[in-house]
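Q: Please take a close look at the second largest cavity in this structure. What lines the cavity, and how are the elements around it arranged?

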Amino acid sequence: MGAIGQPIDRRDGPAKVTGAARYTAEFAVPDAAYAVLVQSAVAAGTIAGIDTPPVMAMPGVLLVVTPDNALRLKQQKGSPQAVMAPALQDRGISFSGQTVAVVVADTLDQALDAAAHVGVLTNAGSVIPVMDQALDRAYVPKAFRNGARPPASRRGDPDAAFAAAPVRVAQRYATPVEHHNPMEPHATIAKWDSDAGGDRLTVWMTTQAISGAQKTLATAFGLAPERVHVICPFVGGGFGSKGNCWPPTILAAMAAKMAGRPVKLVLTRKQMYTSNGYRPRTIQDLKLGAATDGALTALRHDGMSQMSRGDFGEFCEPVALASEMLYAVPNNAVSHRLVAVHQGLPTYMRAPGEAPGVFALECAMDELAYQAKIDPLQLRLRNYTERNEHEDKPFSAKKLRDCYQRGAESFGWSRRSMAPGSMRDGHTLIGWGMATATYPMNRMPAKALVRLDAGGHVLVQTGSQDLGTGTYTILAQIAAETLGVPVAQVRVELGDSKFPPAPVSGGSMTTASVGPAVLAGSRQVRDQLLAMAAAQWKVVATQQLVLDRMVVSGPAGTVSAAELMAARKVGFVEATGEAKPGDGAKHASLHSFGAQFCEVRVDPDLGEIRVSRFVGAFDAGRVMNAKTARSQAIGGIVFGIGMALLEETVVDRNLGRIVNPNVAEYLLPVNVDIPDIQTILIENDDQLSNPLGARGLGELPMVGAAAAVANAVFHATGKRVRELPIRIEDVMA
Ligand code: MOS
């Protein structure tokens with residue numbers, strides 16, 4: 001059996017458990033000074049003045065960077081990463097927590113002390129803290145999906161069809177601001193050198209995209225990209241917050257340049273709530289019309305999401321995209337609008353768009369099931385589609401039916417009684433809810449170096465990064481299987497911008513993008529060896545030749561790879577594999593799917609909600625590693641439960657300050673909140689998506705999980721909660 005798919009342990013595990021894995025802040029860079037951010041208390045206005053001389057006189061202080069002395073940065077034109085504006089480029093303030101100065105000192109304590117003494121005089125302006133206060137000013141995004149498509153779509157006449165429908169649901173749903181909260185806070189160490197070619201910048205940073213950071217930093221400081229070296233061997237969680245190169249990294253590089261010394265900047269947990277994006281609040285209007293048998297005739301999904309007011313770029317949570325394609329419906333319309341408030345720039349977070357959007361759609365579907373008096377799972381099956389009606393293409397290899405069936409079987413869904421409050425365990429209310437999951441297959445060009453030496457050891461290098469999801473491990477499995485060597489003999493090196501380029505580890509695209517590059521490089525290395533053997537045997541066709549355990553065998557006999565290399569006087573054979581999106585998307589719609597089933601137990605007197613069982617069944621194409629895939633699936637469901645019941649960033653409605661910027665008061669799911677989660681990965685091989693047949697599993701398992709919980713809460717209590725998180729007071733009698 002090949003290495004691909006095997007439940008091999010994550011190879012970064014022992015290094016992380018023993019502390020051998022080096023995270024950004026742990027790199028020892030000689031002579032590094034420490035930078036600390038000074039942030040605005042007010043949420044709107046301008047900086048009138050910053051009193052720096054007393055601070056400069058404090059012990060160890062080397063530099064205070066303010067908008068008055070900051071280096072002027074070049075903005076990356078038309079880039080989604082236009083997040084430099086709050087990097088001290090002007091005196092404007094548009095959110096509480098915006099960085100207004102950076103203090104650099106010899107030691108961290110000196111920098112912290114000095115930062116606490118920086119006097120900032122501000123002219124405070126009037127504040128719009130939360131989007132609900134400005135819904136009348138919603139506007140259409142300028143660059144939705146980075147300009148790749150318009151923010152609205154329509155087919156048929158959904159309004160007429162809705163008006164004529166015998167069964168209707170029209171409801172508003174809302175999800176709160178949420179923060180990523182990776183365990184490892186954002187950190188940067190920046191160091192400048194120069195040589196005959198000019199300045200060189202080396203940056204150790206925790207990031208989901210060394211390639212993107214390299215480009216952003218090069219543009220900001222007017223350098224050629226190859227003059228910027230980004231290093232990130234391990235990431236302690238990202239969840240979208242480390243996709244952009246955010247202002248603190250740029251400010252660390254700026255401070256290092258101005259101070260003439262390497263500079264280390266590590267965010268505090270509180271600063272993590274104001275410095276690197278968040279999931280914006282969403283308010284979503286759903287209208288579903290159906291025939292009496294539950295067949296959808298109309299679907300409208302109109303979403304609004306929170307935006308910042310400063311000129312920092314734009315981010316729109318694409319909540320309604322799944323509503324274009326998840327079900328068969330002839331009359332469909334979606335739209336997206338933004339509401340600007342005095343908060344920082346939002347960003348991607350754990351299935352951006354689908355997570356909050358499918359929460360709304362799948363709760364509305366549950367409401368429709370009750371209106372039509374149809375089992376919620378039967379309603380999904382009645383509206384099943386083999387085609388993406390929005391793209392007008394068939395799905396590539398859709399196995400959602402299997403997800404529904406296997407998930408339902410495993411959960412015991414057929415034993416559900418429909419009426420809310422009808423299932424009990426003694427005094428405790430039992431609720432069973434389900435929802436559909438979907439996430440697109442994303443893919444970008446990538447390259448990978450693959451080198452096989454005469455001793456049978458393989459080196460794989462690619463400028464990707466491992467977020468803790470298993471990238472190191474699965475790339476080794478792909479090379480091992482293709483070259484016929486044990487996985488343990490493959491070394492994988494990631495997280496260095498000197499390696500062949502790879503895309504951001506976001507949008508669940510690493511396996512689908514980088515995997516095929518490693519596959520291509522490994523095949524090229526194998527084919528070189530087969531060609532050497534063919535030449536030696538004077539046979540033309542290499543199709544009959546096989547490389548396994550460093551031996552090429554064919555009709556003419558066997559020859560070892562080491563002998564072939566020795567004959568050519570080479571110590572190794574190497575190739576740079578290149579992979580880019582194929583034309584599968586021309587013929588088919590490339591999407592992953594899943595089915596989520598949740599049981600909750602609710603105390604009818606106290607309103608306490610406990611998720612007691614959860615089954616998630618997923619079709620994400622071919623599974624690269626059964627163990628890391630299962631871990632991804634569990635992780636997504638855990639965050640779905642968090643989204644449903646716990647997570648919320650609370651914003652003060654007068655001053656616009658974040659009230660709970662810490663993991664004590666921002667509630668994340670912990671072990672006691674999580675039941676035994678059962679995951680089912682449906683066997684599939686989606687060759688239209690890419691040559692590995694895998695679509696990626698980073699975000700899919702998060703999608704629909706919150707709706708399954710909310711629908712279970714309704715089934716238990718009869719209370720339909722349409723705003724997350726669901727609280728005790730929402731369900732108390
Ligand atoms: Mo993911 S939210 O695209 O890092």
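A: In this predicted model, the second largest cavity holds about 100 Å³ of space. Its lining is made up of 14 residues, and those closest to the cavity centre are His186, Met205, Thr206, Trp246 and Thr249. By class, the lining of this second cavity divides into six nonpolar, seven polar and one charged residues. Two elements, strand S9 (187–195) and helix H6, each supply at least two of the lining residues.

H6 spans 247–259 and also takes part in the lining of the largest cavity, where H6 and strand S1 (33–39) each supply at least two residues. The largest cavity has a volume of about 230 Å³. It is lined by 28 residues, with Phe95, Thr274, Ser275, Asn276 and Gly344 closest to its centre. The lining of the largest cavity has 14 nonpolar and 14 polar residues, and no charged residues, whereas the lining of the second largest cavity includes one charged residue. In total, four cavities of 30 Å³ or more are counted.

Both strands named so far belong to one sheet. S9 and S1 are among the seven strands of an open sheet with mixed pairing, in the order S3-S5-S1-S12-S9-S10-S11. In that order, S12 stands between S1 and S9, and S10 follows S9. The sheet ends at strand S3 (61–65) and strand S11 (228–231), the edge strands, each of which pairs on one side only. From one strand to the next, the twist averages 20°.

On the S10 side of S9, the pairing can be given in detail. S9 and strand S10 (residues 198–205) run antiparallel and are joined over eight bridges. One of the bridge pairs joins tryptophan 192 to leucine 201 in S10.

Two helices pack on the sheet. Helix H5 (residues 210–220) touches S10 and S11, and its direction makes about 145° with that of S11. Helix H3 (residues 108–116) touches S1, S3 and strand S5 (99–105), and the direction of H3 makes about 20° with that of S1.

To return to the cavity in question: S9, which supplies at least two residues of its lining, pairs with S10 over eight bridges. H6 supplies at least two residues of the same lining, and likewise at least two of the lining of the largest cavity.

Conventions. Residues numbered from 1 in each chain as written. Predicted model: local features only at pLDDT ≥ 70, side-chain atom pairs only at ≥ 80, totals over all residues. Heavy atoms only, no water. 1 Å grid on protein atoms, 1.4 Å probe; cavity = no way out; pocket = protein on both sides within 12 Å on 5 of 7 lines; lining within 4 Å. Points joined across faces, edges and corners; volume = space filled by probe spheres on them. Helix = DSSP H or I, 4+ residues; strand = E, 2+ residues; numbered from the N terminus. Nonpolar A, V, L, I, M, F, W, Y, C, P; charged D, E, K, R; others polar. Pairing = 2+ DSSP bridges. Axes fitted to C-alpha atoms, helices over the stretch in contact; angles between N-to-C directions. Contact = heavy atoms within 4.5 Å.
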